[in-house]
Structure formats: C-alpha cells, structure tokens
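Colleague: Got a minute to go through this one with me? I'd like to ask about it piece by piece.

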Amino acid sequence: MQGLGAALPVLLLLLLSAQLPRPAVAEQPPWAPGVERALDPSSRLAVGAARVALHNYNFHAASPSGLRALGQVRKATVKSIPGVGQKCYLQFTTEDYRSRENAGSCLATVLYPKKKSPPAVNIKCINTKDQKQIQEEDNRLYQKLKRQTKPITGSNIPDSFGNIEPALEPVWALAVAGSSYMMWEKSTEKVGYFMTQVKSVKQWMRKDDSLEFDYVILLHEMPTQEMISCHMRLIWLPGHPLKVKYTCDSENHRLEDGSGMESGSAAGIIREREENF
Amino acid sequence: LVDESMPKQRSHRQIPEGYNYTEYHPMEEIYKWMTQIQESNSELVTQHHLGKTIENRTIYYLQISQPSNKPKKIIWMDCGIHAREWISPAFCQWFVKEILQNYKSDAMIRRFLQNLDLYILPVLNVDGYIYSWEAERLWRKNRSPYMNGTCYGTDLNRNFNSSWGSVGVSYNCTSEIFCGSGPESEPETRAVAQFIEKKKTDILCYLTIHSYGQYILTPYGSTTTPPSNNEELMHVAQKAAAALMGKHGTSYKVGSTSSILYSNSGSSRDWAHMIGIPFSYTFELRDNGTHGFTLPSDQIQPTCEETMLAVTTIIDYVDQKYFPGGAVMLTSGSLSLSLL
C-alpha cells in the first residue's frame, strides 16, 4: 500500500508529461496532385530547392575554381506527384562562391521523394566565366597541391575571424565541393545545409596522380540551427568525378513535429559514392 | 564590387581615438568603447543599465538623444542576441559611430534626431558572446545551466512571450533552438522585455540584428497570418532593401519569417509587434552562406555601410510618417508671430 502511494504521484507526472503539447512544424496545405503551381521565388521551398540543385551542381562539377552560390531565384513552380513526391521547377541566377561575381543562370528540377532518399536533381547552367579558364585554374591548384612533399594539414578553416590561409584555400574549396555531396544527399523540403567550417584536414599521400584528403567538416543545419559534424574522405583528380565517402554524427536534435518523438538516428552510416575507394 | 572609400572623417574628437570599426572586438573592448563613446559625446549619448545576464554580467544600452524640450518617440535596435553572429554587434557599433560622426552634417539624421531617440543595445547576449570568443566560436544561445549543469543555453530568440513554445523550437536543452523552461525564463529576455514593455507606447520601431542570410524579415515567424500593417511593413522593407542594394549590389530578400525563412515562435521581433510596436523587423546580415557566421573582417565595412542605408531608410520613413511637415514643428506662439 505504501509503495502504491509513492508510485502514484510519479505515475501522474509521467502521464502529465506525456500529455505536454509538442511544438508543431508548420503544415503545408494539400494541393491538387499533378497541378503545377507558381511559387513565390523568395519562398523557402523555392530557395531551398535552388540550393539543393546547386549542391548537386557543385559536386558534379568537381571544380574548386568553379563553385557557385545562389544568386536569386527568378521563377519557381512546384508540382505534387502522387505517390512519388514534390517536384520543383526553378530558374535562378548564381554567383561565384568566393567573389560573389555573377556566374550565370541555371534551370533545374528538384524532386523531393516521399520516401526518405536524396532529392533527384536535374540542372543546366550557363557559364559567364570561360570554362577553359576554370579548368586552367583547377589545374594550377592541382599542381600547387601536388608539389607539396609533406602531407598537408590544417584546422579551423576559416578561423574565428573568417580568414583562410592562402595556401589552404584550394583545400577549403575542395571541401566545399565534397561537402556539396553530403548536403545534397541530406537535404529535404524542410531541412537544408550550409558548409560552415573545415574543423580539420589531413592529406593522405597517394602513389597515383589523385589527391586524397581526410576532413572533419561542420555543416550548419536549418531550421534546427545545429552544427553537424561530418567525417569526409575525398579523392580529386581534375577532369574526373569527385570521390566522396562520408559519415555524419547522429542527429539527436529533432524538431518536434507533432507526430511523435523520433529517437536519434543511427550513427556511423557510411555513404559511398565510388567503389574501390 | 568592394567600395574602397574611407568613412568620412568629421570630428575625431567625438570618436574614441583609434577604435577600429572594421575589426571584431571582444566584450571587454566593447564595454570600454561604450564608456568612451558616452564620455566623448556626453551631450548626446548616455549609457544605461538594462539588466544582468545569467552569469551576472551587465547588459548596457546606449541612448542617443538630442537635447530638447520636445517629447520624443523611440527607435530601438538590439544586436548580438545570438552569440556567433559577430557581424551583428559590429554593426551596432558602426551605427552609433556613424550617427555621432554625421548628426550635425547629415540632413536626414539631423531631422530624425529632433523627433526620435535612438536606443542601441550593442550586445544583448553578453555571456554567449564571450563564450564564442573564449570557448566555442559557433555558440548560439545564452549560458543558462539546465539539468544540473549538464546542459547549457536557451535560444533567447525563442524565449520571448510570442506564442512561446508552439512551433520551430525544441524543449530539449541540448538543442540550439531550446526555448527555455518558459516564456521569459532567461534574465536577458526579461531585461529586454521589461524595458520595452514599459516604454512601448513611445517605441515606433523595433529592429533586431542577426546574421546570416541577407534578409529583411517582417512579422511573423509563429504564424503565416500577416500582421495588420503588413502592406506598409513590406513596402518600407522593400525600400530599405533597395537602398541597401544601391551601395554594393548586395541583394536582400524581403518577406515574413514564416514564408521565406522558417516557422519559429518566441522571437523578440514577433513579441515586439504583438505588443503594439508597429515597425518591427529582423535583419539577417551578410553573407549568403559562403562564410556564414565567420564573415571575414574585410567585409565588416561594406556590410555596415549598406546596412546603415537600410536602417536609416526605415528610421527616416518612420520619422516622416509620425512627424510630418518639415523638420521644425511650429508652436502656436511662433506661428502667430509669423502671421503679423
């Protein structure tokens, strides 16, 4: 009897805490399937999708000198495909990732699948910069890095004050290109990413012509505002696809979405882009 | 696209000698700067105690007030609510410097200072800011201990009493968007809220400065229902963004937080508008993600220059709206004299 008396208030507390309202995530109204509707170019769906398209572009371009950032979304539409997902159609301008100079506009489609898998992207961009020039810059960067006899290492790039040592700029730019793969894969309609910092980088010397780096990268996740730490292995040879292997820390900070608490996702999921790494 | 021009040097007397506004400063230097600014501009500037942080540090604001027997209305601007957004306190300091350097020569500043007092809070989240310098550069929240000191920090911009805890937050202290144990649970939030509540009938404009993303954000974050004065808010924000773009070509997006950024409850800007402050805006300064929170110091000047134009556009609009008809308000006495 005594035990029950002690247990009751605890039970009540447990019950009460289970009843606490969970913060909501803003719901999207249901739209007629198959109908393409216009999106405000400033809307987070449009801007988010454009960023995802650019992550895909930056990864596939595999060019540290040719990285692009989002300028402005000019036009956006979205279509709900029943049983498949949401598809965005976008037209946007881009800037050089570093210099903010106009880099030309792009047309893209981004399909966010209903089931949990990376968004499917199709993107075509106009080049305002001469592609040969970009290739030459990439080759210059490559040669500079190849000339190093000792393994390149670094940490906190950029540093607290936003500075990037000139000698490490190419290494940072490669990190952006490689991170684009991670960010593309992890993005959803609701969650987006920015590469914030290279926490550390270490070069693995190779006998062949490729350059190989081991990174710890911090990704800024929105809207959770979390800094996600990812371990990334990258292999680069100019003119070839970028090879990226990565694993990000388990995300145990979930936005309450009213549909029930999600426990932290499994840690250490390794995603490979290329076999025979 | 970088503007190489130096800020106009007016009276060196007014500005603390050698204070470099194009560098990031730790809190100790900002405290010293506030004292010096008041000392060298005592006819215009007074430093005030707003409250204390959870670690018992003082939160100060600066009041820029042209001496006058006229009752004034108030423009409030706070910076540094999120620790890692260093460009934000840098802008508040720049703004104060610009006003003090140009209030005698710049006609627009002269005009609005006759009607408006400027209340500037350079660093709201003092503990967090210090922590981002000394321990963790990417810290966001305050330094409030929870769970027996095993977890730290409330997101102050989720802690205000504006639909608190309803959307875009976490109830878990380990989250970057932890909204605290209740609305205004944090001393920093209470310090700001109590002050603004007291003065709300005189405050025409509430500005809160963040980074990054390049946005001018209108209410609300906690709901998609537009505010009663949405059209006017948007119109003025567009004007401000256009003025900003004119300086260095930087493009800002304008819209409500819930439509162009994300949904969130408990923001200071939502709360300010909900208690009746008509012109309430959140600024998210440079950049668009390339450097994010670690904006290089060579971008401090161009960022502050362009943002200055946006902010003064808003203040000017507010001034013209509430104090129309020329800089000098005629009293009945002088009016009858001029009719003779």
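Modeller: Sure, what follows is a run of questions and answers on this predicted model.

Colleague: Let's start with chain B: how many helices and strands does it have, and what does the globule rule give for 340 residues?

Modeller: DSSP-wise, chain B comes to 10 helices and 10 strands. Its radius of gyration is 20 Å, so chain B is as compact as a globular protein of that length. The rule's own figure for 340 residues is 20 Å.

Colleague: What share of the 340 residues in chain B is buried?

Modeller: For scale, the C-alpha trace of chain B spans about 75 × 45 × 40 Å along its principal axes. Chain B exposes about 12400 Å², with carbon and sulfur atoms supplying 52% of that. Residues under 20% relative accessible area count as buried. In chain B their share is 64%.

Colleague: And how far apart are the mean positions of the positive and negative charges of chain B?

Modeller: Chain B has 29 positive and 34 negative charges. Take the mean position of each set, and the two points are separated by 5 Å.

Colleague: Which UniProt domain is placed on chain B, and at which residues?

Modeller: The record is an unreviewed entry, and the feature is "domain: Peptidase M14". Over that stretch the chain is 37% helix and 19% strand, with the end C-alpha atoms 31 Å apart. UniProt places the feature at residues 23–318.

Colleague: Is the annotated active site residue B:Glu284 buried or exposed?

Modeller: The "active site" label on B:Glu284 comes from UniProt, again an unreviewed entry. B:Glu284 is in strand β10, residues 279–285 of chain B. Beyond its neighbours within four places in sequence, its contacts include B:His210, B:Ser211, B:Tyr212, B:Tyr252 and B:Leu261. Its relative accessibility is 9%, which is under the 20% cut-off, so B:Glu284 counts as buried.

Colleague: Where is the peptide bond that is cis with omega near -5°?

Modeller: Look at the loop between β7 (203–211) and β8 (215–218) of chain B, where B:Tyr212 is placed. B:Tyr212 is also one of the contacts of B:Glu284. The cis bond runs from B:Ser211 to B:Tyr212.

Colleague: Which residues does the cis bond with omega of about 0° join?

Modeller: One partner, B:Asp287, lies in the loop between β10 and α9 (300–322) of chain B. The bond joins B:Arg286 and B:Asp287.

Colleague: What covers the buried residues of α4 in chain B?

Modeller: Helix α4 takes in residues 126–134, and its buried residues are B:Val126, B:Asp127, B:Gly128, B:Tyr129, B:Ile130 and B:Ser132. The elements covering them include α1 (27–40), β2 (58–64), α2 (87–102) and α5 (187–199) of chain B.

Colleague: Over to chain A: how many of its contacts, as a percentage, join residues at least 24 apart?

Modeller: Chain A has 4 helices and 11 strands, and 45% of its 277 residues are buried. For the contacts, start from pairs at least 6 apart in sequence. Of those, the share joining residues at least 24 apart is 58%.

Colleague: What is the C-alpha separation of A:Phe59 and A:Gly178?

Modeller: A:Phe59 lies in helix α2 (residues 44–61) of chain A. With a relative accessible area of 2%, A:Phe59 is under the 20% cut-off and therefore buried. A:Gly178 is 119 residues away along the chain, but the two C-alpha atoms are separated by 6.2 Å.

Colleague: And A:Thr94, what is its relative accessible area?

Modeller: A:Thr94 sits in strand β3 (residues 85–96) of chain A. Among its contacts beyond four places in sequence are A:Leu54, A:Arg68, A:Ala69 and A:Cys106. A:Thr94 is buried, with a relative accessible area of 1%.

Colleague: Last one: what is phi of A:Asn156, and how accessible is that residue?

Modeller: A:Asn156 is found in strand β6 (residues 153–157) of chain A. Its phi is near 50°, a positive value in a residue other than glycine. As for accessibility, A:Asn156 counts as partly exposed, at 34%.

Methods:
Residues numbered from 1 in each chain as written. Chains lettered and ligands numbered in written order. Predicted model: local features only at pLDDT ≥ 70, side-chain atom pairs only at ≥ 80, totals over all residues. Heavy atoms only, no water. Buried < 20%, exposed > 50% of the residue type's maximum accessible area, 1.4 Å probe, protein only. Helix = DSSP H or I, 4+ residues; strand = E, 2+ residues; numbered from the N terminus. Contact = heavy atoms within 4.5 Å. Rg over C-alpha atoms; globule rule 2.2 N^0.38 Å. Areas by Shrake-Rupley, 256 points an atom, 1.4 Å probe, with all protein chains shown as cover. Lys, Arg positive; Asp, Glu negative; His and termini not counted. Charge placed at Lys NZ, Arg CZ, Asp CG, Glu CD. UniProt positions renumbered as here; feature names shortened; annotations may be inferred.
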